[in-house]
Structure formats: structure tokens, C-alpha cells
Amino acid sequence: MRFGVGLPTCTEGMMYPVPFASPRDVVRIAQEAEALGYFAVMGNDHLTTQRYVRAEFPDPPNFYEPLVTYAALAPVTSTIRLMTGVIVLPMRAPVLLAKQVATLDQFSGGRVLLGVGVGAYREEFEAVHPELRRARRGEMLTEGIRALRVLFGERRATFHGRYYHFVDVELYPKPHQAHLPIYIGGNAPEGWRRVAELADGWLPAVLTPEEVRHGLEQIRAHARAAGRDLTHLDVAPQFAVSIGRTREEATERFLRSQLYRHLLSLQRSTLRGQPVDSFAQRNLLGSPAEIRRQVRAYQEAGVTHLAGLLFTANTVEEFLESMRLFAREVMPEFAG
């Protein structure tokens, strides 16, 4: 089992208060995560502020662009993987994104794990691309991934899709990794086929072990139909973590957190269909012993990587304290 830390790139006002982390804090979290033995840091991606965040906070949040953040982290870390969770691909131009990702993979020595998704907030997409209000973001995601594969794999790349077109693009350098892993985020059943056909990893969020197992069965069925071997698929869900002396203490902290309010905001998108009263059961809450049991249940359901763990905190110091406690009390049981 691998463990990752949710890096606060675009989390102010959403998972954490405004302000939360300075650029220096972000570097500090990544360096300490590497020292503690975490496999990856995972930064999210937003280009503008959501309406619910504007309504809650008088000051705008700092959203750090994740690939630029990783360009700053690459020379001051050495082993930890630089994962995006997720780049909102429909908001990006594939040729430029491929150039940025390939360059980052070269400068980091092959440490990039590229998570992509449609994005949880359609309002954000429409603010950035008002001319595409009728666009189907799922189709854009599928096309965008196929376009990235062509750009990463072919000397001169040409692509003609409904949304993306380019002709005779010679993009060099290619990524340092011979096959740069692409993860696809999302819980929705309509995305399972996309994962089965295109992804190296699946990034769902806030699912129960039974829901992970069911989704994985459906993804594997689609893969068999497509003739694709998913033996090495990285199953990498993301959860909130509230670790305390008792479950009651951990649950109370979770319910008071900005992170809990963020999950409420996702009920019409990523977490559609998930009852509010089940959030405490769908995340990692409790004493270290209880969280170890929860992690074991996810491992038995097929999870291989707990990606981008979001520690409940109101300050960076609280975040680091939980990150250290989790590394010390939970991770050793799953080493090797």
C-alpha cells in the first residue's frame, strides 16, 4: 500500500481556511512528506474561485498552479512523486499541457504522475471557457487523454477530434518516463469505461470499500471487453483523514472542519448520491488503531494507493502534526 499527501495547491477556501499555506509552507509540507516516507504529494487544480467559496470568505483564496508548484518542488526534493489530482483537462490546451508535463518529468527525473479529470465545478469551466457552455466535458477529457498519448508517443503528432485539433507537432523532449502514468479521477459509473480503456490509475474519492470493490469490478469488466490488461492498475482513492485519540474526538474535529464543508459542496458533482450522514463512514476517522483497520478494509477491496490524503486542519502546523502521526502510527503496518 502506498500513501500520498494532499498538497495545498488549490485548497484554500475549499478544504482549508483563507489564508492557509504560503509557497514556503507548500515546499515544507512536500519535503517533510518525503522525509516521512510518503510515496507522493498530490496537488489539485483550479483556475478561478467557486461561488460558494466567494460567499463564505471575504478575501479570495490563493490557488497555486500545480505544475508550476512542482517545478519549484522538483529541485528541493529527490524521491517523492509529483502527482496531480487532478488537472482539469477540459480547461487546458493539450499541446501546451503535454509540453509542461514532459518538461517537468525531465527536470524531476521521471517523478510525474498525471491525474486528470473533468473538474467538479462546471461553473469554473464556463467561467474560463464561456464559448464552450454546451461542451461535454467527459468527451473533452477522453479526447484530451488520447491527444496527450499521441503527443507523448509520436515524433510528429497530428490529432483531429471534436474539441481538439493539431497538426504535425514535434514535441520534444518527451517525458523522462518511457510511459508516463495517467490517472483518471471520478466516481461516476459513466467514467469507468474511460478508466478501463485509457488509464494507468483510478482516482475516485470518498467511497466505501464496497463501492471501491464494485467500481473496480465494473472497470475490469470493461477492460476485458476492450482486450486490455489492468493487472497493474493503481487504485488510488482520496479521503479526508481525521486522526485523534478516540473516534469521538476525530469525528468532532472532522465535522467542524472546512474540509467537511467542502465535501458538502460536492454533493451535486463528485459525491453525487452520497448521503451527508455517511461522510464520517466514507473517510478515515478515528484513533490510529481504528484507521489501520479502515485502511486494511480498503486494501482488501483492491486499493493499492491512498492518494492525496487530506488531513483535517485549520493551520499548517495542525496539518503537519496529523501527517506525522499518520506516518508514525498507521503507515508502518502496511510497509513492504
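Where does V206 sit in the chain? V206 is in the loop between β9 and α8, in what is a predicted model. V206 has a positive phi of about 55° although this residue is not a glycine, and its relative accessible area of 4% is under the 20% limit, so V206 counts as buried. Here's a quick tour of the strands, helices, empty spaces and backbone oddities around it.

**Parallel strands and the crossover**

- Strand β8 covers residues 182-185, and three bridges join it to strand β5 (residues 112-117). β5 and β8 run parallel.
- If you want a residue pair to anchor that contact, take V116, whose bridge partner in β8 is I184.
- β8 is also joined to strand β9 (residues 201-203), again in parallel, by three bridges.
- In that pairing, G185 stands opposite L203 in β9.
- To get from β8 to β9, the chain passes through helix α7 (residues 192-198). This β-α-β crossover is right-handed.

**The β6-β7 hairpin**

- Strand β6 spans residues 157-160 and is antiparallel to β7, with three bridges between them.
- One pair to click on is H160 and its bridge partner in β7, H165.
- How many residues does the hairpin use to join β6 to β7? Four residues make the link.
- β7 (residues 165-169) also holds D168. Phi of D168 is near 55°, which is positive even though the residue is something other than glycine.

**Helix α6**

- Helix α6 takes in residues 137-153, which makes 17 residues. At 1.5 Å a residue they should span 24 Å, and the end C-alpha atoms are 24 Å apart, so expectation and model agree.
- Which residues of α6 are buried? They are R137, M140, L141, E143, G144, I145, A147, L148, V150, L151 and F152.
- When you read that list, keep the helix repeat in mind: an α-helix has 3.6 residues a turn, so residues three or four places apart point the same way.

**The cavity**

- Searching the whole structure turns up one cavity of 30 Å³ or more.
- The largest cavity holds about 40 Å³ of space.
- Its lining is made up of D45, H46, V88, M91, V118, G119, A120, Y121, E124, F125 and R137.
- Sorted by class, the lining of the largest cavity has six nonpolar, two polar and three charged residues.
- R137 turns up twice in this briefing: R137 lines the largest cavity, and R137 is on the list of buried residues in α6.

**The second largest pocket**

- How much volume does the second largest pocket have? The value is about 260 Å³.
- The lining counts 15 residues, and those nearest the centre of the pocket are N187, A188, P189, L207 and R272.
- Helix α8 (residues 209-226) gives the most to this lining, with three residues.
- The class split for the second largest pocket is five nonpolar, seven polar and three charged residues.

**Cis peptide bonds**

- V18 and P19 are joined by a cis peptide bond with omega at about -5°. P19 is in the loop between β1 (2-7) and α1 (23-36).
- Another cis bond runs from G85 to V86, with omega near -5°. V86 belongs to the loop between β3 (81-84) and β4 (87-88).

**Two residues to compare with the sequence**

- I87 is in strand β4. Is I87 buried or exposed? At 0% relative accessibility, I87 is under the 20% cut-off, so I87 counts as buried.
- I87 and G117 are 30 residues apart in sequence, while their C-alpha atoms are 6.3 Å apart in space.
- D229 is in the loop between α8 and β10 (234-235). Its relative accessibility is 61%, and the limit for exposed is over 50%, so D229 counts as exposed.
- D229 and G6 are 223 residues apart along the chain, with 29 Å between their C-alpha atoms.

Key:
Residues numbered from 1 in each chain as written. Predicted model: local features only at pLDDT ≥ 70, side-chain atom pairs only at ≥ 80, totals over all residues. Heavy atoms only, no water. Pairing = 2+ DSSP bridges. Helix = DSSP H or I, 4+ residues; strand = E, 2+ residues; numbered from the N terminus. Right-handed = clockwise from strand over helix to strand, strands pointing away. 1 Å grid on protein atoms, 1.4 Å probe; cavity = no way out; pocket = protein on both sides within 12 Å on 5 of 7 lines; lining within 4 Å. Points joined across faces, edges and corners; volume = space filled by probe spheres on them. Nonpolar A, V, L, I, M, F, W, Y, C, P; charged D, E, K, R; others polar. Expected span 1.5 Å × (residues − 1). Buried < 20%, exposed > 50% of the residue type's maximum accessible area, 1.4 Å probe, protein only.
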